[in-house]
Amino acid sequence: MKKKIIELKGLEKHYPVFGGVLKRQVNSVKALDGIDLDIYRGECLGVVGESGCGKTTTGKAIINLHAPTGGEAIYYPEDGDPMDLAKMSNRQMKNAGIRSRLQMVFQDPTTSLNPRMLIKHIIAEPIKEQEKLSARELEKKIVSILEMVGLSRMHLMRYPHEFSGGQRQRIAVARAIAASPEFIVLDEPTSALDVSVQAQILNLLDKLRKELNLTYLFVTHHLLVVKYISTRIAVMYLGKCIETCPTDELFSNPLHPYTHALLSGIPNPEVAAEPNRIVLEGDVPSPLNPPSGCRFHTRCPFCIDVCSREEPVLLDVGNDHKVACHRQDVVKELVKEKFGIEGYF
Ligand SMILES: Nc1ncnc2c1ncn2[C@@H]1O[C@H](COP(=O)(O)OP(=O)(O)O)[C@@H](O)[C@H]1O
Ligand SMILES: [Mg+2]
């Protein structure tokens, strides 16, 4: 049986927008506008979608780096009662002993690591918050964590700038696991790295998840990266989750027109000819004023009347597959008919 670790129910993050001479709030950016999503223990859930759709905000809202403005983020501890992280302050999370169980690794380790701190101190900080160790024990633990991420004792007395991008990301991962977390948000952790280094970091993350029983929320706009590392995928569009299912299922049986469009954009290196693509018309609408009904309807090639009027619910269609589309039962045929696409790489 799969056990939930986190459940998002209508989670919301609206950023206020101020204007006019009085600098009053005139509108809000609906960065997250009611996202429903289950995250299971031990999985790597990939979160994909175009830039600005709310992937980073989702990660930050869950772990309370940016407090949500509505909805629930239920955390199910291994022991004890569920708690709604969306209603807890950082202090309350700390007092409940769960602050350190939820960690985040950012895209750019150059800005996320303190340039004036030795590696030794960067890793020591989260350990010291957990347990009181003698200086010797502490150093031993730091070294063992460095070794887990492919670094060693000789790196202890160095500063972040003395490392390459890939090594710096290893340090950021080491700092996250030093807190003994259960859940880590990985926000585009390989996007700033050279392609050759990306694979090494992905393999490291995959290994650590299995060895340490971690759960990941892996945010990326890169579909082949999630295909490689994720066990399940959530597709986001304008602050909502519009489709979620196991990774294989997403690539073999996508249901949402937007997911089809994303998949059709992946180049297939095994085929010389350009694949048929679903090119979406227009730009992503502004999260200041998202469209009525289905928020994808303004760009959807299969939009009908109901789509602009009624918002589709995220429907469970079996096989651990959920989709929010009024026409999900005919999308596959429509894609074949209109674009000549029968499957994806
Ligand atoms: N601190 C902020 N203040 C105002 N708007 C923000 C802030 N952070 C993000 N946004 C807006 O929220 C939306 C979602 O952003 P983000 O979560 O960073 O998207 P993604 O990670 O998918 O690219 C975007 O429209 C972005 O401009
Ligand atoms: Mg982002």
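Which residue in strand 7 is the bridge partner of Leu102? That would be Phe183, and the rest of the sheet is taken up further down.

## What we're looking at

This is a predicted model, where local features need pLDDT of at least 70, side-chain atom pairs count only at pLDDT 80 or more, and totals for chains, interfaces and linings use all residues. Residues are numbered from 1 along each chain as its sequence is written, with chains lettered from A and ligands numbered from 1 in the order in which they are written.

The protein has 12 helices and 12 strands; these are DSSP runs numbered from the N terminus, helices being H or I of at least four residues and strands E of at least two. The C-alpha trace spans about 70 × 55 × 50 Å along its principal axes. A compact globule of 345 residues would have a radius of gyration near 20 Å, so the 21 Å of this protein agrees; the radius is taken over C-alpha atoms, and the globule rule is 2.2 Å times the number of residues to the power 0.38.

Contacts (C-beta atoms, placed from the backbone, within 7 Å) reach well along the chain: of those with a separation of 6 or more, 64% join residues 24 or more positions apart.

## The sheet

An open sheet of 8 strands runs in the order 6-7-8-3-9-10-12-11, with mixed pairing. Strands count as paired if DSSP finds at least two bridges between them. Strand 6 (102-105) and strand 11 are at the edges with a single partner strand each, so one side of each has no neighbour in the sheet. Strand 6 pairs with strand 7 in the parallel sense, over 4 bridges.

## Core and helix 10

Some 38% of the 345 residues count as buried, meaning that 20 or more other C-beta atoms lie within 10 Å of the residue's own; 12 or fewer makes it exposed, and in between is partly exposed, with C-beta atoms placed from the backbone. The largest nonpolar core holds 82 residues, of which Ala73, Ile184, Leu186, Leu217 and Phe218 touch the most other members. Such a core is a set of buried Ala, Val, Leu, Ile, Met, Phe, Trp, Tyr and Cys residues joined through C-beta atoms within 7 Å. Helix 6 (residues 165-178) gives this core its largest share, 7 residues. Leaving aside residues up to four places away in sequence, Leu217 touches Ile39, Leu45, Val47, Gly59, Val185 and Leu186.

Helix 10 (residues 257-264) is largely enclosed by the rest of the structure, because 7 of its 8 residues are buried. Among the elements its buried residues pack against are strand 3 (44-48), helix 8 (223-229) and helix 12 (331-339).

## Around ligand 1

The shell around ligand 1 consists of Tyr15, Val29, Ala31, Gly49, Ser51, Gly52, Cys53, Gly54, Lys55, Thr56, Thr57 and Pro287, taking a residue as near if its C-beta atom, placed from the backbone, lies within 6 Å. Strand 2 (24-40) and helix 1 (55-62) are the elements that give two or more residues, and helix 1 gives the most, with 3. The split is 5 nonpolar, 6 polar and 1 charged, with Ala, Val, Leu, Ile, Met, Phe, Trp, Tyr, Cys and Pro as nonpolar, Asp, Glu, Lys and Arg as charged, and the others, Gly among them, as polar.

## Two positive phi angles

Ser180, not a glycine, has a positive phi near 50° and lies in the loop between helix 6 and strand 7 (183-187). Asp320 has a positive phi of about 60°, in the loop between strand 11 (315-316) and strand 12 (322-323).

Technical notes:
Two residues are in contact if their C-beta atoms, placed from the backbone, lie within 7 Å.
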